[in-house]
Amino acid sequence: MNKAEFIEKLSKELDTTKAAASKSFDAVIKCIAQAMKDNDELRFTGFGSFKAKLTEAKEVKTPKGTMAKVPAQRRISFSVGSDFKAIVNNK
């Protein structure tokens with residue numbers, strides 16, 4: 001499923017237009033990104049949690065054999081919640 005298909009499904013679930021559903025979806029994604037920018041963790045009970053971890057700058061070897069610098073950055077991980085996992089696994 002891609003974003004357009006998801007927006008269509010969301011608009012039917014919310015009984016609204018695709019434009020309104022798309023605007024709502026974009027607002028939610030923007031709010032999640034902003035919350036992760038400001039905090040290290042964001043939890044949605046039953047759905048899951050986002051966690052940010054700072055990785056230090058390092059040098060890595062590329063497939064061509066040269067060394068490249070990777071800057072320090074925040075890595076985001078997602079852990080699935082039990083309710084969400086149960087729905088996906090038909091439990």
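## Valine 80 and the nonpolar surface patch

Valine 80 sits in strand β5. This is a predicted model. The relative accessibility of valine 80 is 41%, so the residue counts as partly exposed. The band for that label lies between 20% and 50%.

Valine 80 is one of the residues behind a nonpolar surface patch of about 490 Å². The other contributors are Phe44, Phe47, Phe78, Phe84 and Val88. Two elements, β5 (73-80) and α3 (82-88), each supply at least two residues of the patch. In soluble globular proteins, nonpolar side chains tend to be buried together. Here, the patch is on the surface.

## The β1-β2 hairpin

Strand β1 covers residues 41-44, and strand β2 covers residues 48-55. The two run antiparallel and are joined by four bridges. Two of the pairings can be named. Glutamate 41 has lysine 51 as its bridge partner in β2. Arginine 43 has serine 49 as its partner in β2.

Together β1 and β2 form a hairpin, with three residues between them. Glycine 46 lies in the turn. Its phi is positive, at about 90°.

## Serine 49 and the β2-β5 pairing

Strand β2 also pairs with β5. Eight bridges join these strands, which run antiparallel. Serine 49 belongs to β2. Opposite serine 49 in β5 stands serine 79. Serine 49 is thus placed against arginine 43 and against serine 79.

Is serine 49 buried or exposed? Serine 49 is buried, because its relative accessible area of 12% is under the 20% cut-off. Beyond its neighbours within four places in sequence, serine 49 contacts Leu42, Arg43, Ser77, Phe78 and Ser79. Phe78 also appears in the nonpolar surface patch.

## The nonpolar core

Which residues make up the largest nonpolar core? The six are Ile32, Ala35, Met36, Leu42, Phe50 and Ala52. Elements α2 and β2 each give two or more residues to this core. The most come from α2, with three residues.

Methionine 36 is a member of this core. Neighbours within four places in sequence aside, methionine 36 is in contact with Glu41, Leu42, Phe50, Lys51, Ala52, Arg74 and Ile76. Leu42, Phe50 and Ala52 are core members too. Glu41 and Lys51 are bridge partners.

## Glutamate 59 in β3

Glutamate 59 is found in strand β3 (residues 58-61). Leaving aside neighbours within four places in sequence, glutamate 59 touches Met67, Ala68 and Lys69.

Alanine 33 is 26 residues from glutamate 59 along the chain. Their C-alpha atoms are separated by 27 Å.

## Two positive phi values outside glycine

Most residues other than glycine have a negative phi. Aspartate 15 departs from this, with a positive phi of about 55°. Aspartate 15 lies in the loop between α1 (3-14) and α2 (18-38). Its relative accessible area is 72%, so aspartate 15 is exposed.

Where is asparagine 90? Asparagine 90 is in the segment after α3. Its phi is near 55°, again positive in a residue other than glycine. Asparagine 90 counts as exposed because its relative accessibility is 74%, over the 50% cut-off.

Note on methods
Residues numbered from 1 in each chain as written. Predicted model: local features only at pLDDT ≥ 70, side-chain atom pairs only at ≥ 80, totals over all residues. Heavy atoms only, no water. Pairing = 2+ DSSP bridges. Patch = residues over 30% accessible without salt bridge, like charges linked within 9 Å, V, L, I, M, F, W, Y side chains within 5 Å. Areas by Shrake-Rupley, 256 points an atom, 1.4 Å probe, with all protein chains shown as cover. Salt bridge = Lys/Arg side-chain N within 4 Å of Asp/Glu carboxyl O. Buried < 20%, exposed > 50% of the residue type's maximum accessible area, 1.4 Å probe, protein only. Core = buried A, V, L, I, M, F, W, Y, C linked by side-chain atoms within 4.5 Å. Contact = heavy atoms within 4.5 Å.
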